[in-house]
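Colleague: Please take a close look at the salt bridges in this model. I would like partners, distances and burial in one connected account.

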Amino acid sequence: MTDLTTKYNIIDEKPPFNAPLKGQYKQGFGFYTMRERLPIILTQVIDQLSKDKEQIAENFGGETAREELKGAIGEISKLKYELQTDKDFRPIRTAIGDEAVWNSFIEGLGQDNSYFSACWLYAETYMYRRLNNIFENTTTLQKLDYFQQQKHKALTNSYDAMVAVLRSIETFNGEPKTVEEVGSFFRKLLKLNLWGNRCDLSISAGQDVKQDGDPFSLLDSLEPCIVSDHTLDIWQCIATAPTSGIVEIINDNSGYELFTDLCLADFIVHHKLAPKVCFNVKAIPWYISDVTPKDMQWTLDTLAEHETQPLLAQFGTRLKDHFASGKLELRPVDNFWTSPYEFYRMRDIAPALYETLSAAKLLVFKGDLNYRKLLGDFNFPYSTPFLDALRGFLPTNLCTLRTVKADLICGLPEGMADELTRKDASWMVTGEYGVIQFAGK
């Protein structure tokens with residue numbers, strides 16, 4: 001094998017502070033992602049497509065689809081080779097509306113325009129964008145979701161936990177409650193939603209994930225693992241802001257995590273904390289498990305049509321009623337969510353989206369990738385206040401619910417990161433810890 005040090009200009013150090021995270025730092029999680037996780041993910045896509053080729057051909061257009069699938073598998077193998085040999089980023093060719101944004105971005109990278117030299121966020125995002133671009137340039141496979149099976153399993157593997165969650169919510173909603181009691185339960189739901197983010201297929205490299213047991217009963221034991229907890233600030237924001245304000249959820253994963261997003265939204269509209277909750281999902285298959293419009297519809301249908309668990313069926317039906325009445329809304333997909341850009345650049349790159357979000361009373365950013373985009377994969381010293389790390393991105397009040405699966409973080413008390421590192425050197429990439437952080441407008 002080629003010596004990595006000379007081939008990729010790999011530096012056997014941790015990523016430095018006050019600089020972008022990059023795959024070239026051998027002691028950073030970006031290096032491990034580019035070197036190990038992403039090639040495995042691409043191999044799994046190839047294997048899955050090869051295994052399902054007859055079924056795909058049948059569903060997507062017979063002989064033409066079969067031939068195009070064979071070509072797509074070859075293109076994915078080439079993409080994997082480009083990644084493993086640190087090739088320069090190539091332009092994308094697409095009709096879905098983001099070609100100019102991506103290609104001008106790539107052009108603007110200058111010399112740092114390859115998988116290990118670019119900012120890790122750019123490199124990983126580019127790989128997922130190129131992967132879908134392969135299918136966009138076929139005639140029959142443009143709507144194929146090569147991650148669909150894993151996403152479906154992430155929901156169906158978690159039915160027991162979902163029933164337990166709904167039972168707790170139904171019990172709480174069954175009797176009149178004081179404002180304080182609603183606030184206390186809302187904060188619990190935020191924490192439940194946070195830990196739902198552990199079920200992330202891009203971190204498990206596509207291996208099946210499931211949520212077991214009764215998630216509410218685990219909350220107390222997980223309390224010490226929340227290393228930054230602004231749930232009280234979030235409650236005060238949603239309880240005191242004008243009741244006319246919308247809540248926008250910027251979603252992350254399908255499956256159990258999306259279920260917890262829907263529980264949170266249902267609770268918000270049930271207790272009239274906001275008149276409407278909107279969901280912002282991805283336009284294309286993304287980071288394995290991210291929600292697309294198709295995933296949202298499938299989840300609602302699967303819940304509503306559940307035959308053996310009445311609680312799931314009732315919940316699914318109620319959600320569909322909320323969507324029909326306008327209390328819940330799926331926003332039209334915006335290509336900014338699958339762009340390489342950090343959120344502090346949204347106002348310039350996607351002004352209409354920025355304006356829409358500005359009108360909300362609270363934005364809820366879910367998961368690790370959204371957190372990385374909030375911080376721009378910039379390695380701030382870990383005690384940097386969350387507000388400072390946003391670099392001016394504050395269209396309105398916003399919060400982030402994120403289990404820690406990448407080696408960047410902010411808003412920690414001085415010395416806490418060192419203490420956690422002494423206990424477990426890999427604490428930042430295991431998903432064992434979480435943050436719930438808030439910034440007020």
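Modeller: What follows goes through the salt bridges, then turns briefly to the core and two backbone angles. The model is predicted, so local features need pLDDT of at least 70, side-chain atom pairs count only at pLDDT 80 or more, and totals for chains, interfaces and linings use all residues. Residues are numbered from 1 along each chain as its sequence is written, and side-chain values use heavy atoms, with hydrogens and water left out.

The whole structure holds 27 salt bridges (a side-chain nitrogen of Lys or Arg within 4 Å of a carboxyl oxygen of Asp or Glu).

Take Lys-276 and Glu-329. Their side chains form a salt bridge at 2.6 Å, N to O. Lys-276 sits in the loop between helix 12 and strand 3, and Glu-329 in strand 4 (residues 328-330), so the pair ties together parts 53 residues apart in sequence. Helices (H or I, at least four residues) and strands (E, at least two) are DSSP runs, numbered from the N terminus. Through shared partners, salt bridges join Glu-248, Lys-276, Glu-329 and Arg-331 into one network. Glu-329 is partly exposed, at 23% relative accessible area. Here buried means under 20% relative accessible area, exposed over 50%, and partly exposed in between (1.4 Å probe, protein chains only).

Next, Glu-54 and Arg-66. This salt bridge has an N to O distance of 2.8 Å. It links distant parts of the chain: Glu-54 is in helix 3 (residues 53-60) and Arg-66 in helix 4 (residues 62-84), 12 residues apart. Both ends are partly exposed: Glu-54 at 45%, Arg-66 at 27%.

Arg-129 and Glu-136 also pair, at 2.9 Å, N to O. Arg-129 is buried, with 0% relative accessibility. Glu-136 is buried too, at 10%.

Now the nonpolar side. The largest nonpolar core (buried Ala, Val, Leu, Ile, Met, Phe, Trp, Tyr and Cys residues joined through side-chain atoms within 4.5 Å) has 144 residues. Leu-49 is among those with the most contacts inside it. Leaving out residues up to four places away in sequence, Leu-49 touches partners including Ile-56, Leu-69 and Phe-135 (contact means heavy atoms within 4.5 Å).

Last, the backbone. Most residues other than glycine have a negative phi. Asn-18 has a positive phi, near 55°, and lies in the loop between helix 1 (4-8) and helix 2 (29-51). Phi of Lys-272 is likewise positive, near 55°. Lys-272 is in the loop between helix 12 (256-270) and strand 3 (277-280), and is exposed at 65%.
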